[in-house]
Structure formats: structure tokens, C-alpha cells
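Visitor: I would like a close look at one part of this model. Please take me through the strands and helices and how they pack, and keep it brisk.

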Number of protein chains: 2
Amino acid sequence: MKASTDQVLKQSRVQRLEQTPTSELPRPSRNARGESPCAACPVRDMNVCGALTDTDLATMNAISTDKTFERDQTLIWEGEAAGEFFIVSEGVAKVFKLLPDGRRQITGFLYPSDIVGLASNERYAYTAQALTPMRVCRFPRSKVLELFDEMPVLCRKVCCVASNELAAAQDQMVLLGRKNAAERLASFLLLLLRRKHLRGEEGQAIDTPMTRAEIADHLGLTTETVSRTVTQFRKLGHIELDGPHHILVRDEPALADLAAFDDPDGLPHTASF
Amino acid sequence: MKASTDQVLKQSRVQRLEQTPTSELPRPSRNARGESPCAACPVRDMNVCGALTDTDLATMNAISTDKTFERDQTLIWEGEAAGEFFIVSEGVAKVFKLLPDGRRQITGFLYPSDIVGLASNERYAYTAQALTPMRVCRFPRSKVLELFDEMPVLCRKVCCVASNELAAAQDQMVLLGRKNAAERLASFLLLLLRRKHLRGEEGQAIDTPMTRAEIADHLGLTTETVSRTVTQFRKLGHIELDGPHHILVRDEPALADLAAFDDPDGLPHTASF
DNA sequence: CGGGGGATTGATGGGAATCAAGCGGCGTGG
DNA sequence: CCACGCCGCTTGATTCCCATCAATCCCCCG
């Protein structure tokens with residue numbers, strides 16, 4: 001029980017107070033609050049099917065603003081009024097929910113072209129924090145909803161995204177409900193590797209900006225178990241380590257075997273609305 | 001490990017062969033394959049925001065057919081070509097994914113007005129089987145996608161549904177990743193109770209058409225643990241049993257305490273696109 | 001050099017899985 | 001009508017995987 005660090009909770013609460021969007025990444029023409037028109041927001045790269053026209057992109061860009069976050073800064077807070085969507089341009093974020101006693105479940109990690117703020121009602125259903133320095137495109141929720149009417153293709157895209165996330169969530173449920181520690185870690189590493197390849201990057205090296213504790217909170221384990229299982233994989237020759245945040249996959253088939261993916265090619269999914 | 005019954009797998013494989021839509025529920029004007037125009041399909045009741053006009057409903061009805069399933073019959077198979085959506089009119093279904101060795105994770109249970117076939121690519125991402133006799137509305141996927149263009153509100157509805165399901169999936173991840181057996185069962189019972197109330201039904205009695213094994217496969221536990229925990233709740237006076245499939249919630253606050261819902265009112269969510 | 005946070009490794013314990021036995025309702029068939 | 005057998009549920013005994021507790025290491029940074 002009581003698996004995750006209370007200090008996450010405390011740390012978060014503190015940050016909530018000093019949540020000022022200080023940004024460091026060099027960026028032209030930014031206003032006092034670190035915002036600028038979203039010059040090159042990657043709407044067109046959203047990991048969904050279909051394509052938006054240039055006109056559509058221009059319309060999207062017109063309502064979006066660029067924003068940057070430092071490591072550990074919070075993009076959105078669970079429970080707060082859901083006023084904005086984000087699309088990740090650069091960097092990695094974690095998305096999580098907390099139980100009242102501080103236990104944490106990280107429901108996913110967000111990479112460029114992923115969307116933040118979807119599964120939300122009037123209020124955000126989860127918290128999202130930067131794992132690395134990030135740049136995101138920000139869209140006022142109200143304006144996006146207006147756009148749905150005049151740009152139906154946008155709604156279809158959101159359908160696709162939500163549908164894909166749903167499929168991923170279901171895979172994660174299988175992982176959390178029915179896999180053991182080794183299978184969980186193997187699944188996770190393979191997923192990171194395949195997402196990297198989907199982004200067009202080559203090689204068997206994955207860098208994991210997340211800490212062992214964050215991996216643990218994603219896989220329903222503890223830091224110690226994650227660490228032990230990583231060591232075990234290393235000794236078996238499945239992986240090689242270059243510091244705790246750089247993992248080289250040496251024996252992908254062995255991991256795939258362990259991961260027990262239904263689909264031999266594994267995830268992720270791509271919907272087709 | 002190896003938590004779920006292999007016989008589920010075997011049983012399923014067998015059924016796959018004799019999948020004939022025999023239907024028993026009385027229903028007018030049905031063709032040879034047990035189909036009939038979906039006279040009263042509950043599109044308007046889809047558990048989503050917004051409302052369709054009468055014209056929209058007529059259009060939807062025009063492309064839908066009514067279909068019935070017996071207990072244990074399969075609506076859709078994971079991996080098969082995804083040609084149809086369904087909306088549940090009557091009855092309850094389970095939705096699950098299998099690991100190669102037969103372990104099963106039930107990702108959810110479907111009640112009237114829930115949608116089947118959403119989180120799918122060209123192929124269904126999961127299997128859905130009837131827990132009780134069911135009646136569903138069936139929509140050809142291709143026609144629905146066409147309708148998206150001429151009836152944008154439909155796409156928004158699907159967005160809502162997907163978004164709600166995503167939120168529910170994230171709650172389930174918290175449950176599977178970070179809650180113990182008692183907390184899982186309490187969460188589950190409360191969810192059933194609250195969904196019942198959302199459907200407009202009164203009272204603290206929930207009937208659970210699912211077996212202990214199915215509950216276990218939904219909560220990431222075993223039948224034995226589910227049974228033990230139910231007994232424990234009964235002895236504590238939190239619930240009362242009238243046969244294994246009728247549970248009376250006596251002390252809802254106690255269960256809510258155990259469940260560790262973030263939101264005191266608990267789930268489910270309703271999105272607002 | 002000292003301090004701190006994350007990672008690793010070891011020792012121990014506990015909660016749920018596993019193994020096993022018995023109960024009880026229901027449908028079938030004699 | 002009743003006996004049998006099956007299946008699902010319950011309960012008990014034991015095992016085991018992972019959480020917990022604890023110590024040490026490592027690396028970065030002041």
C-alpha cells in the first residue's frame with residue numbers, strides 16, 4: 001500500500017503557489033507572461049489519421065498561443081476549471097491522478113504531438129507536469145469547441161485521438177490488472193521504443209526522463225521493484241544501461257516475449273475515423 | 001499469475017464457431033437473420049451531453065438494425081474486422097482483452113445506452129460478450145462515418161462518449177495500480193450503484209449479473225479474493241446479500257470511505273463538448 | 001568536502017494468489 | 001419425483017511475489 005511518496009503531494013502543493021510560467025527556451029516575440037503566437041504548432045502532426053488543410057491549420061494557429069514549462073512545472077491541475085487544451089510541441093510530461101492519501105497513478109507520459117486536457121469535464125480529470133523543459137501549443141477550450149462547428153474535420157481528429165488513447169488505456173489496464181513486474185517493465189520499455197520509432201527516430205536506445213519512482217507509479221509497482229527488475233534485465237542481457245536514464249534494448253524479441261503483447265508488433269494503435 | 005480460467009478461452013473459441021444470432025425476445029417484423037429495423041433505438045439516450053433533433057434520430061434509425069444476443073454470445077471479437085458499432089438497448093455485456101496464455105482483463109461492463117466498438121482501429125481492440133440477454137442497435141461503421149459529415153453533432157457526441165470512457169478508464173487504472181482488494185471492491189460496488197441511480201433507478205440494491213470470476217477479472221483479483229472481500233463487507237455490515245447476484249448496500253459512506261474516491265460524489269463523469 | 005536526492009541492493013514481512021476441500025443451487029435424466 | 005453431476009461460490013491452509021524497511025552507493029552541485 002501507500003506506494004508512492006507523500007512528498008510528491010507536498011511538493012506539488014507548494015508548486016501550485018509559485019506557478020509562474022517562467023520560460024527559458026529561446027523564442028521570438030514573447031509577451032510578459034511568456035506567451036507568443038504559436039508560430040509552428042504541430043497540429044498537423046497530431047498523432048491521428050486524416051489531414052488538415054492549410055486553411056485549417058491557419059485557423060488553428062490563429063487561436064493558439066505558445067507556452068513553455070520548466071521541469072516539474074504543472075500544465076494542468078486535476079479538479080481545476082478546464083479552460084484549455086494543449087498540444088505538446090517539445091519535451092515530455094507525466095499525467096497522473098492522486099488518491100487522498102498521496103498514492104499516485106501515472107496514467108501516461110506525453111510526447112510531442114500528444115494532447116493534454118481531453119478526458120475532462122468542466123474540470124480537468126488529472127494533473128499534468130513537465131518531466132523535461134517543454135513547449136506546448138495552447139488552445140482556449142471555448143474557441144476549439146466553436147471551431148468544431150465550422151471545421152468538422154477537427155472534431156473527427158479529436159475523436160481519433162480520444163479513441164486511440166482509449167485503446168492505450170485498455171492495454172494499460174491489462175498490464176496493471178494481469179501482468180507481473182517483469183512483464184510490466186518489458187511492456188513499458190517496448191512501448192517507449194516503439195513510440196520513439198513512430199516519431200521517426202532510429203536506434204534501440206531509449207532515454208527515459210522519468211525517475212524510477214515515476215516508472216513505478218506508472219506500472220503499479222515500487223521504485224525498488226522497478227530497480228530490481230531493470231537490474232535483472234541487464235544481467236539477462238536484454239538491456240544495457242548508460243546511466244539510469246539511458247537504456248539500450250539489446251534483445252527486443254526477449255522483451256516482446258515477456259511483454260505478452262497480443263499484437264506481435266505491439267502498440268500503439270491508430271484509429272481510423 | 002494465471003489468474004483467469006482457461007476455460008473462458010476455450011469456451012469462447014467454441015462459441016466463435018456456433019455464433020448464430022438466435023434471438024428469443026419477442027420483437028415484431030424480424031428477418032431471417034434475427035434483424036429488424038431499430039424501431040426504438042436509444043440514440044437520444046446515449047449517455048452524452050447535447051441532444052439530437054428528431055430529424056437526426058430518424059436518420060440514425062434509418063441506418064440501424066435491431067439485434068438480440070443470448071447470455072454468453074459474442075457481440076464482437078478482438079482482432080476481427082471492425083465493421084459495426086452497437087448501442088446497447090437492453091441487457092449487460094462484458095468487454096475484455098485476453099493475454100496469449102488466457103489471462104483476462106475485463107475492461108468494463110456495458111449497460112443500456114453504452115456504445116460498443118469505439119476504441120477500435122480497422123479491427124476491434126477487444127471482445128464483447130453478453131452477460132444477460134441483450135438487445136442492441138447496430139450501425140454499419142461506414143455509414144456512421146458518412147453521417148459524421150452531414151451530421152456534425154453526431155461526431156461531437158462520439159467525442160463526448162470517448163472522452164467519458166477515457167476518464168473512466170483512468171479511474172480504473174488508479175484502481176488497478178494503487179488500490180488494495182477492499183478498496184477495489186468498494187469502488188466497484190459504488191460505481192454500479194451510482195450508475196444505477198444515473199439510469200434513474202431507485203434504491204440501494206444492485207444486481208450483479210456478472211460472476212465472481214468476472215468481477216475478479218475486472219478488478220485484477222481472483223475469485224477467492226473477491227468472495228472473501230464480499231464476505232468481509234457483509235460481516236462488517238456494509239452490505240447484505242440476497243444470493244450472490246443481489247447486493248444491498250447498507251452503509252454507502254463506509255464503502256465510499258474505503259473506495260477512496262477523489263470526488264466524494266464519485267464517478268461517473270460527463271464530458272461537455 | 002559535505003549534503004542531498006535518486007538508484008541500487010539486501011532482509012523481512014504481508015496481502016493476495018494458489019492449492020484444496022466442501023457447499024449449494026439448478027438442470028438433466030432416470 | 002428424486003438422484004446425480006456440474007458449476008459457481010465460499011472457506012481454509014499454504015505459498016510466493018512484491019511491498020516495506022533499511023543501508024549503502026553514486027552523482028551532481030554548492
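Guide: What follows goes from the sheet in chain B to the helix pairs, then to the cores, a hairpin and two single residues. The model is predicted.

Start with the sheet in chain B. Four strands make an open sheet there, in the order S3-S8-S5-S6. Their pairing is antiparallel. Strand S3 (74-76) and strand S6 (104-110) of chain B are the edge strands, and each of them pairs on one side only. From one strand to the next, the twist averages 30°. In general, the strands of a sheet pair through backbone hydrogen bonds, in a parallel or an antiparallel sense.

Now take one pair within that sheet. Strand S5 (residues 93-98) of chain B is joined to S6(B) by six bridges, and the two run antiparallel. Opposite B:Phe96 stands B:Ile106, in S6(B). A helix lies across this pair. Helix H6 (residues 212-219) of chain B crosses S5 and S6 of chain B and runs at about 105° to S6(B).

Next, the helix pairs. Two packed helices are described by the angle between their axes and by the distance between those axes. In chain A, helix H5 (residues 181-198) packs against helix H6 (residues 212-219) at an angle of about 110°. Their axes are 11 Å apart. H5(A) and H6(A) are therefore roughly perpendicular to each other. From H5(A) come A:Arg184, A:Leu185 and A:Phe188; they meet A:Ile215, A:His218 and A:Leu219 in H6(A). Sorted by class, this contact of H5(A) with H6(A) has four nonpolar residues, one polar and one charged.

Chain B offers another pair. Helix H3 (residues 141-150) and helix H4 (residues 152-178) of chain B have axes that come within 5 Å and cross at roughly 115°. On the H3(B) side, the contact is made by B:Val144, B:Leu147, B:Phe148, B:Asp149 and B:Glu150. H4(B) brings B:Pro152, B:Leu154, B:Cys155 and B:Val158. By class, the contact of H3(B) with H4(B) has seven nonpolar and two charged residues, and no polar ones.

Now the cores. The largest nonpolar core has 108 residues. Those with the most contacts inside this core are A:Leu75, A:Val116, A:Leu189, B:Leu75, B:Val116, B:Phe188 and B:Leu189. Look at A:Val116 in detail. With its neighbours within four places in sequence left aside, A:Val116 is in contact with A:Leu75, A:Ile76, A:Glu84, A:Phe85, A:Phe86, A:Val88, A:Leu110, A:Tyr126 and A:Ala128. Another core, of 40 residues, lies apart from the largest one. Among its residues are A:Leu118, A:Leu147, B:Phe85 and B:Val158.

Chain A as a whole has eight helices and twelve strands. Of its 273 residues, 55% are buried. Take the contacts in chain A with a separation of 6 or more: residues 24 or more positions apart account for 75% of them.

One strand of chain A deserves a stop. Strand S12 (residues 246-249) has a covered face, with A:Ile247 and A:Val249. Its uncovered face has A:His246 and A:Leu248. S12(A) has antiparallel pairing over three bridges with strand S10 (residues 205-207) of chain A. In S12(A), A:Leu248 is the bridge partner of A:Ala205. Strand S11 (residues 239-241) of chain A also pairs with S12(A) in the antiparallel sense, over three bridges. Here A:Leu248 is the bridge partner of A:Glu240. S11(A) and S12(A) form a hairpin, with four residues between them. In the turn, A:Gly243 has a positive phi of about 80°.

Two residues of chain B close the tour. B:Ala186 has its place in helix H5 (residues 181-198) of chain B. B:Ala186 is buried, with a relative accessible area of 0%. Leaving aside neighbours within four places in sequence, B:Ala186 is in contact with B:Phe233, B:Leu255, B:Leu258 and B:Ala259. B:Val161 is 25 residues from B:Ala186 along the chain, and their C-alpha atoms are separated by 25 Å.

B:Thr222 sits in a loop, between H6 and helix H7 (223-236) of chain B. B:Thr222 is partly exposed, at a relative accessible area of 29%. B:Thr222 and B:Phe109 are 113 residues apart in sequence, and their C-alpha atoms are 18 Å apart in space.

How values were computed: Residues numbered from 1 in each chain as written. Chains lettered and ligands numbered in written order. Predicted model: local features only at pLDDT ≥ 70, side-chain atom pairs only at ≥ 80, totals over all residues. Heavy atoms only, no water. Pairing = 2+ DSSP bridges. Axes fitted to C-alpha atoms, helices over the stretch in contact; angles between N-to-C directions. Contact = heavy atoms within 4.5 Å. Parallel < 35°, antiparallel > 145°, perpendicular 65-115°, else oblique. Nonpolar A, V, L, I, M, F, W, Y, C, P; charged D, E, K, R; others polar. Core = buried A, V, L, I, M, F, W, Y, C linked by side-chain atoms within 4.5 Å. Buried < 20%, exposed > 50% of the residue type's maximum accessible area, 1.4 Å probe, protein only.
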